[in-house]
Amino acid sequence: QVQLVESGGGSVQAGGSLRLSCAASGRTFGTGIMGWFRQAPGTEYEFVAALRWSDGFTYYADSVKGRFTVSGDNAGNTGYLEMNSLKTEDTAVYYCAVDLTSLYINIVTTAYDHWGRGTQVTVFL
């Protein structure tokens, strides 16, 4: 059983940066996919970014491309989401999730087997 814990959220002024972490316990990410999603109040989950651990391939939503970077440590225990040039519309609860079985990055929530509890990111003017 994989347990995921996000950290690093907080409040930041627009234009600022935050780095989210996703720590895995129970097993490493291994050859799976780590995805980041977010949910703003009253909205559906939105795909943000994902990393394929086997080869480091990454994929981003257009809304964050060029501003956010997803990465992971060599041990496969912790993933990161570096967020720069933050905008007020980035305000949301951010979740990391793991797809342990697929070889391909998927942007739908149902593809991911395990989820963290989320960390709040608030961007103010």
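Tutor: Let's begin with a rule: two strands count as paired if DSSP finds at least two bridges between them. Keep in mind, too, that this is a predicted model.

Student: How do you know that strand β4 and β5 pair, and in which sense do they run?

Tutor: The rule asks for at least two bridges, and 6 bridges join β4 (residues 33-39) to β5. The cut-off is met, and the two strands run antiparallel. One of the matches is Ile33, whose bridge partner in β5 is Arg52. The hairpin of β4 and β5 has 6 residues between the strands, and Gly42 there takes a positive phi near 75°.

Student: How many bridges join β5 to strand β6?

Tutor: There are 4, again in antiparallel fashion, with β6 covering residues 57-60. That satisfies the requirement of at least two bridges. Arg52 appears here as well, with Phe57 as its bridge partner in β6. Between β5 and β6 the hairpin has 4 residues, and Gly56 in the turn has a positive phi of about 80°.

Student: Why is strand β5 called largely enclosed?

Tutor: Buried means under 20% relative accessible area. In β5 (residues 46-52), 6 of the 7 residues are buried, so the rest of the structure largely encloses this strand.

Student: Which strands make up the open sheet, and in what order?

Tutor: This sheet has 4 strands in the order β1-β3-β8-β7, paired antiparallel. Its edge strands are β1 (3-7) and β7 (68-72), each of which pairs on one side only. On average, neighbouring strands of the sheet are turned by 15° against each other, direction ignored.

Student: How do you know that β3 pairs with β8, and over how many bridges?

Tutor: With at least two bridges as the threshold, β3 (residues 18-25) and β8 (residues 78-83) have 6, in the antiparallel sense. Leu18, for example, has Met83 in β8 as its bridge partner. On the β1 side, 5 bridges join β1 to β3, also antiparallel, and Leu4 stands opposite Ala24 in β3.

Student: What makes up the covered face of β1, and what makes up the uncovered one?

Tutor: Leu4 and Glu6 form the covered face, while Gln3, Val5 and Ser7 form the uncovered one. In general, side chains in a regular strand alternate between the two faces of the sheet.

Student: What makes Cys22 and Cys96 a disulfide?

Tutor: The cut-off is a pair of cysteine sulfur atoms within 2.5 Å. For Cys22 and Cys96 the S to S distance is 2.0 Å, and a disulfide joins them. The count by this rule comes to 1 disulfide. Cys22 lies in strand β3 and Cys96 in strand β9, so the pair ties together parts that are 74 residues apart in sequence. Both Cys22 and Cys96 are buried.

Student: Is this disulfide of Cys22 and Cys96 right-handed or left-handed, and why?

Tutor: The torsion about its S-S bond is about 65°, so the disulfide of Cys22 and Cys96 is right-handed.

Student: Why does His114 count as buried or exposed?

Tutor: Set 15% relative accessibility for His114 against the 20% limit for buried residues: His114 counts as buried. This residue lies in strand β10. Leaving aside neighbours within four places in sequence, its contacts include Gln1, Val2, Leu4 and Cys96.

Student: And Ile107: buried, exposed or partly exposed?

Tutor: Its relative accessibility is 45%, and the partly exposed class lies between 20% and 50%. Ile107 therefore counts as partly exposed. Ile107 is found in the loop between β9 (92-99) and β10 (114-115). Apart from neighbours within four places in sequence, Ile107 is in contact with Phe37, Phe47 and Tyr59.

Student: How many helices and strands does the chain have, and why is it called as compact as a globular protein of that length?

Tutor: The chain has 0 helices and 11 strands. Its radius of gyration is 13 Å, close to the 14 Å that the globule rule gives for 125 residues, so the chain is as compact as a globular protein of that length. Along its principal axes, the C-alpha trace spans about 40 × 30 × 25 Å.

Student: What percentage of the chain's residues is buried?

Tutor: Buried residues make up 43% of the 125. As for contacts between residues at least 6 apart in sequence, 58% join residues at least 24 apart. The accessible surface comes to about 6300 Å², with 49% of that belonging to carbon and sulfur atoms.

Technical notes. Residues are numbered from 1 along each chain as its sequence is written. This is a predicted model: local features need pLDDT of at least 70, side-chain atom pairs count only at pLDDT 80 or more; totals for chains, interfaces and linings use all residues. Side-chain values use heavy atoms; hydrogens and water are left out. Buried means under 20% relative accessible area, exposed over 50%, partly exposed in between (1.4 Å probe, protein chains only). Contact means heavy atoms within 4.5 Å. Axes are lines fitted to C-alpha atoms, for helices over the stretch in contact, and angles run from 0 to 180 degrees between N-to-C directions. The radius of gyration is taken over C-alpha atoms; the globule rule is 2.2 Å times the number of residues to the power 0.38. Accessible areas come from the Shrake-Rupley method with a 1.4 Å probe; for residues, only the protein chains shown count as cover.
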